[in-house]
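Visitor: Please choose one part of this structure and take me through it closely, setting it in its surroundings as you go.

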Amino acid sequence: MQGPSTMSFRQAFLENLLVSLQLQQEHTSKHHSSSLGAAMSLHERKLAVKSSADVAMAAARGAGARWTRAILAPAPSACKVQRCRRIVIRCRGRKRSLPRSARARDGGTSSGGEVARRLVRRRTMALREVIPGGRDAAVDEATLLREAMDYVVHLRAQVDVLRQVSEAVQRFGSSILQ
């Protein structure tokens, strides 16, 4: 395992990102050449870069974590559609709560421990939705937290590297214009 702050991780990430982007470009050019030369939309490009960056990060991290295997494993398209629906529902602000009849049955009283357990359970379920591979039933809460920490640390490294690439491209572009 390479730590996300090491130069070898950053170098492996950049190499994997370039390879993945080249493969995306080849796939896209073959796909769009049959549709009368239509270019990729901005949204399609954004998704291609995002998926390439995720794959590059997982490949640079190695297979030691569940989230890397989840990213590198091909997902069926039905799963992607279902996940998108869940994200849309969550973004609309719909909250799941107990029906009024269940709250009335409960008498509206709960001990502090019950409330805390429900809160932890809700947040654990939310975390399972965010972390790739987190929905696996075999993952206990301690493992889920370790995976989440590892994933977030690597996401931060991904952002740092992509920011440096963006700054380098901007500097290169401005030097050409001068």
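Guide: Helices here are DSSP runs of type H or I with at least four residues, strands are E runs with at least two, and both are numbered from the N terminus. What you see is a predicted model, in which local features need pLDDT of at least 70 and side-chain atom pairs count only at pLDDT 80 or more, whereas totals for chains, interfaces and linings use all residues. Residues are numbered from 1 along each chain as its sequence is written, and side-chain values use heavy atoms, with hydrogens and water left out.

The protein chain has seven helices and zero strands, so read from the N terminus its elements run α-α-α-α-α-α-α. Of its 178 residues, 22% are buried, where buried means under 20% relative accessible area, exposed over 50% and partly exposed in between, with a 1.4 Å probe and protein chains only. The chain exposes about 13,100 Å², of which carbon and sulfur atoms supply 60%, as given by the Shrake-Rupley method with a 1.4 Å probe, counting for residues only the protein chains shown as cover. Among contacts (heavy atoms within 4.5 Å) with a separation of 6 or more, 62% join residues 24 or more positions apart.

The part I would look at closely is helix H2, which covers residues 42-61. H2 has 20 residues and reaches 28 Å from its first C-alpha to its last, close to the 28 Å expected at 1.5 Å a residue, the expected span being 1.5 Å times one less than the number of residues. Just after H2, Gly62 takes a positive phi of about 100°. The buried residues of H2 are Ala48, Ser52, Ala53, Asp54, Ala56, Met57, Ala58, Ala60 and Arg61.

Asp54 deserves a pause in that list, since its relative accessible area is 14% and it therefore counts as buried. Its side chain meets that of Lys50 in a salt bridge of 2.7 Å, N to O, a salt bridge being a side-chain nitrogen of Lys or Arg within 4 Å of a carboxyl oxygen of Asp or Glu. The two residues both lie in H2, four residues apart, about one turn of the helix. An α-helix has 3.6 residues a turn, so residues three or four places apart point the same way. Lys50, unlike its buried partner, is partly exposed at 46% relative accessibility. Leaving aside neighbours within four places in sequence, Asp54 is in contact with Ile71 and Gln158.

H2 also takes part in the largest nonpolar core, a term for buried Ala, Val, Leu, Ile, Met, Phe, Trp, Tyr and Cys residues joined through side-chain atoms within 4.5 Å. Of the 17 residues in this core, Phe9, Phe13, Met57, Trp67 and Tyr151 touch the most other members. At least two core residues come from each of H1 (7-33), H2, H3 (66-72) and H7 (141-177), and H2 gives the largest share, five residues.

From the H1 side, Phe13 shows how this part is put together. Apart from neighbours within four places in sequence, Phe13 is in contact with Ala53, Ala56, Met57, Ala60, Gln158, Val161 and Leu162. Gln158 is thus in contact with both Phe13 and Asp54. Phe13 and Phe9 are both buried, and both lie in H1, four residues apart, about one turn of the helix. The count of aromatic pairs comes to two, with rings of Phe, Tyr and Trp (its six-membered ring) pairing if their centres lie within 6.5 Å, and planes under 30 degrees apart counting as stacked, over 60 as edge-to-face and the rest as tilted. Phe9 and Phe13 form a stacked pair, 6.4 Å centre to centre with 15° between the planes.

Elsewhere, Val165 is found in H7 and is partly exposed, with a relative accessible area of 30%. Its C-alpha atom is separated by 9.0 Å from that of Leu14, 151 residues apart along the chain.

Returning to charged pairs, the salt bridges number six. Asp136 forms one with Arg66, their closest N and O atoms being 3.2 Å apart. Asp136 lies in the loop between H6 (112-130) and H7 and Arg66 in H3, so this pair ties together parts that are 70 residues apart in sequence. Asp136 is partly exposed at 36% relative accessibility, as is Arg66 at 27%. Glu129 and Arg135 meet in another salt bridge, at 3.6 Å, N to O, while Arg156, Asp160 and Arg163 are linked in a network of salt bridges.
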